[in-house]
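Please load the model in your viewer and keep the selection panel at hand. The tour moves from one selection to the next and says what is found at each stop.

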Amino acid sequence: MNETLILGRSIVLAASALGAGIALTAGFGPAIGQGYAAGKGTEAVGRQPEARADITQTMLLGQAVAETTGIYSLLVALILVLLNPLVGLVG
Amino acid sequence: MGNLEINGPRILFRVFGYPITETITNQWLVMVLIIALAYWVTRNLQKTPKGKQHIAELWVSTVQSLVQQAMGAKNMWFAPYIVALIPFIFFSNVLGLVGLRPPTADLNTTLALSMLTVFMFHYYSIKFNGIVAYLKGYLDPFALFLPINIIGELSRPVSLSFRLFGNLFGGSVIMSLVYFLLPVFLRVAVPIPFHIYFDIFSGGIQTFIFAMLTMVFIANAVGD
């Protein structure tokens, strides 16, 4: 294996690690959304304490769906770090 | 300091060339646990419950009211699946407490569970609404939405399985980081809050979410 190939591989590996980190910044979105849902849920419980069980259930379900984009970013990061699909391009 | 290793489940042995991983043996453990529990609480059932029978009846009636809330009274036939699904996922999730690798931190397990949900969704969709209405659903609201609807259907098992897997795998990675960073004499007491959050709280919430999403999907498939 010549030096250029090794250099190319290290650059690709470094870029994959950076890309995984950047992909995980997508966690901002779900975090804000889930926090917003939790805040609204707290407000709703404050207004209607008797409906607490229903509100909690609906809030958790909504938060789980909002989490989907964050899960996708985790998927991208895991593939970049564990499978290294781009290393094959260097040859 | 030793090396921090983050990897998949170890292959313990092979049967006819098929790898048997930690995931599978830990699942056997969970199955044995659930079967033993079910056997134990259903001995000597009586008309007026006492002792352990209270636990069994409380569990069944809790799930029944949950199904009734989420799916409506006419879909009560779906309750037995949820009664069995929740203990399996929950006991799998909290297996990290005893130092074993949770079976749900393996994509194979969660993908299998979500494929069950997705196949049931399509099966009941066809069974209750007929094949014509099922196929027409892909053209909703009009024909141009066909590719989007197909992508939507395909992303259902992906998001369902990766939600459970991502949470459990992320939790186990963070737990191994905690154990790695702490000096040996602190590894006794300090990780307890992390275990409470990542194993018990997160595991319980994710179990509930998976069961709720399954119920909502099936209720959508059955329709009004």
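**The interface, then two helix pairs**

Select chain B and chain A together: the area buried between them is about 1400 Å², with carbon and sulfur atoms giving 73% (buried area being the accessible area, 1.4 Å probe, that two parts lose on being put together, summed over both). This is a predicted model, in which local features need pLDDT of at least 70 and side-chain atom pairs count only at pLDDT 80 or more, while totals for chains, interfaces and linings use all residues. Residues are numbered from 1 along each chain as its sequence is written, chains are lettered from A in the order in which they are written, and side-chain values use heavy atoms, without hydrogens and water.

At this interface, 19 residues of chain B are in contact with 13 residues of chain A (contact meaning heavy atoms within 4.5 Å).

Next, select helix H5 (residues 146–181) of chain B together with H6(B), whose axes lie 10 Å apart at an angle of about 175 degrees. H5(B) is therefore roughly antiparallel to H6(B) (the term covers angles over 145 degrees). Among the residues making this contact are B:Leu160 and B:Ile174 of H5(B), and B:Phe198 and B:Leu213 of H6(B).

Now keep H6 (residues 192–222) of chain B and add H3 (residues 79–93) of chain B: their axes come within 9 Å and cross at roughly 150 degrees, so that H3(B) is roughly antiparallel to H6(B). Residues to display here include B:Ile82 and B:Phe90 of H3(B), with B:Gly203 and B:Thr207 of H6(B).

Conventions
Axes fitted to C-alpha atoms, helices over the stretch in contact; angles between N-to-C directions. Helix = DSSP H or I, 4+ residues; strand = E, 2+ residues; numbered from the N terminus. Parallel < 35°, antiparallel > 145°, perpendicular 65-115°, else oblique.
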